[in-house]
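User: I would like a close look at a single part of this model, the packing of helices between chains. Please set it in its surroundings, so that I can judge how to read it.

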Amino acid sequence: MNRLAQAVVMLLFGGAIIKATLTDMFLRYVKEGLRPLLLVAGGLLIAAAVMTIWYDLRAPSAAAEQDDGHGHGHGHHEPRVGWLLLLPVLALLLIAPPALGSYAAGQAGAVVVNPALDSDYPPLPAGDPAPISLLDYASRSIYDSGKSLTGRQLKLTGFVTPGPDGRPMLARMVLTCCAADGRPIKIGLAGDTQIDAAPDSWVEVVGVYSQQVGKDPVNKADVAYLEVRSWQQITEPKQPYA
Amino acid sequence: MSPADNATTRRARYPEEIDWAATPGSVTPGMPAEQPAGVHASRIGSVEILAGLLLVLALFRDQVGGLVSGARLQTWTTVFVSVLVQAVPFLVFGVVLSAVIAVFVPRSFWAKALPRHPALAVPAAGLAGVILPGCECGSVPIAGSLIRRGVTPAAALAFLLAAPAINPIVLTATVIAFPGRPGMAVARGLASLVVAVAMGWLWLRLGKTEWIRLPHRPDLDDSAKARAFWAACRHDVMHAGGFLVLGAAAAATINVVVPAAWLQSLAGSPVLSVIALATLAVLLSICSEADAFVAASLSQFSLTSRLVFLVVGPMVDLKLISMQTGMFGRRFASRFAPVTFVAAILVGTAFGAVLL
C-alpha cells in the first residue's frame, strides 16, 4: 500500500466518520457526548490524508526515485494491515448497521437498576399520561414499591422484544460507551391488552403501575411490570438508546 | 537495564522491518537498484486496486447491503462498527500525541522528566498515567513513541498498563457504576497501579530488548518537522488502526457468539468466577471507560471477581493484543500479554480479598 492509497483510505475513513456524525447516524453506535470528539478526529484524519497527498505530489521525483531504487518487493512493508480500515468505511457508508435490537436484548442480562440517590423520588413530570423512561420506571417500581407511580397514567417508549416465556416485553438498550457494552432494560407487560407488534418495532405504551415483579433469566435481575392500557406503533426515535 | 540496551531498542536492527515510506535520500546499502518497471507497476498497484474495489462496491452497493441480514450478523456489524467509532477519537488523539512525542519532544526531555534509575522510573511512569484521560487504544502508540525516544521500555510499559485504568475519567465512572461502594474504585486504581509497576519491574529483571521490534522509522528523523509529524500520523493511523479493526472484529464476534446465560453457571464457585470474568474481560475488549457498568450488571458474581474483570480489561484484551503485536512485534505480545493477564488476576484477587 503506497502513500497515496493510504491517503485515500484515511480520507474515506475520516469522511465516513464525519458523515455518520453529522447525520446523527452515530447515535446508533455511541453516546451523543462523543459528537465533538468524532468531528475533531474525523477532521484530523482528513488533514493527515491531505497533507500526505500534498507532500507526495510536491516531491514526487524524490519519492519515485527512492521507490525505483529499492522499492520493489518491499511494498508489503508498508502497513498492509491498513487495508482493513476499509471495512469500517464500507460498513458505515454502505451497510449502515441498525441500532441494537431484540436480538441483543435477549442475549444479555438486564440492567441492574439502582435506587434513587436520596431516598425520595421526585414527583413525576406533569401530563396525562406522564412520560417516564424505562429505567426511571423500573427503579421507582422496584425500590419505591411504585409509591410515586400509583394513580398516574404513564407513557413509556421502547421496542418490542420477546420475553423468556414468549410474551412480548418492552425494552430499550442502555449504553455507557458504545454498543459493545449495551445492556437491555426490560419491562414486563401485564394486563389484558396484548401488544401484537413484531419484535424490534418501536411502540409507545400507555399504562399504569403493576405490582408484579419478575426475574431476568439471564442474570436474575428484578424486572418491573407495567399494566398496559393502550399502545401505538411509532417510528424509531433519533436517539435509540436510553 | 543499561543505557546501551535502551539505545539498541531505539535503533532497529532488523532490515526487513525498515519502513520504505522513508525520507527521500535515506539509502540502505545492500539493496541494489533493480527492476524499475516492476516497481512502477506495484506503485500504481495499490491505488488501482483501491479504485477498482471501490468501484465494484459502489456498483453493487445494494447487494452488499443485503448481505448483512439476519439478527446475528446485523448485531455483529453494529457492535463492530460501534467499537471502532468509539475508539476512533482516542486512537487519533493517541496517534497525534505519539507523533508529537516522536517528532517535537527532544530526547533530553525524558531524561530530565523521569528518574534516572530505571527502577524508579517505572513507578513514576505508572503514576504519570493519571494524566492521560482516555481509553486503552490511544496508549499503545504513545508507549511505542516513548520507547523510540529513549524512555526505558520498562517505564513505557508501566505507563501503557496504568494509563487506561487509573485516569480520573475511568475511576469516576467506576464510582458511579458502583453506588455506595467507593471501595471498588479505590481497589481498582491501586490494584491496576500495582500490576503496572510490577510488570515494569519484571521487565527490568527478565525482559529482553530484542523481544521488542519497533519498526525502523527514518521518516521520524526528517529535518522538516512538519513532514515528519504528518508521516508519523499517517503511519500510526494505518498501522494501529488496522490492528484495531482486527481487534474490534474479534470482540464483536465474542459479543454475539457467547451468550451471557452461559456465564452465570460459573458464578457460584469463587475460583471459577474469577477466572471466568478475567477471560471475559479479555474477550469482550470493552473500553475502560465503560467496563465498570458492565461489571455492575454481572450482579451474580462476587465483588472480587468483578474487580479482577476491571483490572484485567484495560491491560489485556483482544484489541490490545492485536495492537501490541502490530506495534512491538509478535515475540513481545506473546510473552507480555499472558504474564500481564496472570499478574492482573493475582493482584486483583489479593486486593479484592483485602479491600472488598
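Analyst: In this predicted model, residues 61-77 of chain A keep a pLDDT under 50 throughout, although the model gives this stretch 32 contacts beyond four places in sequence. Where pLDDT is low, the predicted coordinates should not be read in detail. Chain A as a whole averages a pLDDT of 85, and 90% of the residues score at least 70. For chain B the average pLDDT is 80, with 85% of the residues scoring at least 70. Residues 1-42 of chain B have a pLDDT below 50, yet in the model this stretch has 73 contacts beyond near neighbours in sequence. For the complex, the predictor gives an ipTM of 0.87 and a pTM of 0.77.

With those cautions in place, the packing between chains can be taken up. Two packed helices are described by the angle between their axes and the distance between the axes. Here the partners are helix H2 of chain A, residues 35-58, and helix H4 of chain B, residues 71-103, whose axes come within 9 Å and cross at roughly 50°. Angles under 35 degrees count as roughly parallel and those from 65 to 115 as roughly perpendicular, and H2(A) and H4(B) are therefore oblique to each other. Their crossing is left-handed.

Which residues of H2(A) and H4(B) meet? From H2(A) come Leu37(A), Leu38(A), Ala41(A), Leu44(A) and Leu45(A), and from H4(B) they are met by Val88(B), Pro89(B), Val92(B) and Val96(B). The contact of H2(A) with H4(B) divides into nine nonpolar residues, no polar ones and no charged ones. An α-helix has 3.6 residues a turn, so residues three or four places apart point the same way.

Elsewhere in chain A, some backbone details deserve a careful look. Most residues other than glycine have a negative phi, and most peptide bonds are trans. Asp24(A), in the loop between helix H1 (3-22) and H2 of chain A, has a positive phi near 65° without being a glycine. Is Asp24(A) buried or exposed? A residue with 12 or fewer other C-beta atoms within 10 Å is called exposed, and Asp24(A) has 12 such neighbours, so Asp24(A) counts as exposed. Ala96(A), likewise not a glycine, has a positive phi of about 45°; Ala96(A) is found in the loop between helix H4 (86-95) and H5 of chain A, and with 16 other C-beta atoms within 10 Å, Ala96(A) is partly exposed. Further along, a cis peptide bond with omega about 0° joins Asp128(A) and Pro129(A), and Pro129(A) lies in the loop between helix H5 (102-107) and strand S1 (130-131) of chain A.

The partner chain can be read in the same careful way. Chain B has 17 helices and zero strands, and buried residues make up 55% of its 356 residues. Among contacts in chain B with a separation of 6 or more, 85% join residues 24 or more positions apart. Helix H16 of chain B, residues 318-328, is mostly covered, with eleven of its eleven residues buried; among them are Leu318(B), Lys319(B), Ile321(B), Gln324(B) and Phe328(B). The cover over these buried residues of H16(B) includes helix H7 (136-148), helix H11 (225-257), helix H13 (270-284) and helix H17 (330-355) of chain B. Just after H16(B), Gly329(B) takes a positive phi of about 105°.

Definitions and conventions: Residues numbered from 1 in each chain as written. Chains lettered and ligands numbered in written order. Predicted model: local features only at pLDDT ≥ 70, side-chain atom pairs only at ≥ 80, totals over all residues. Axes fitted to C-alpha atoms, helices over the stretch in contact; angles between N-to-C directions. Helix = DSSP H or I, 4+ residues; strand = E, 2+ residues; numbered from the N terminus. Parallel < 35°, antiparallel > 145°, perpendicular 65-115°, else oblique. Left-handed = near helix turned anticlockwise from the far one by under 90°. Contact = placed C-beta atoms within 7 Å. Nonpolar A, V, L, I, M, F, W, Y, C, P; charged D, E, K, R; others polar. pLDDT = per-residue confidence, 0-100. Buried ≥ 20, exposed ≤ 12 C-beta atoms within 10 Å, placed from the backbone.
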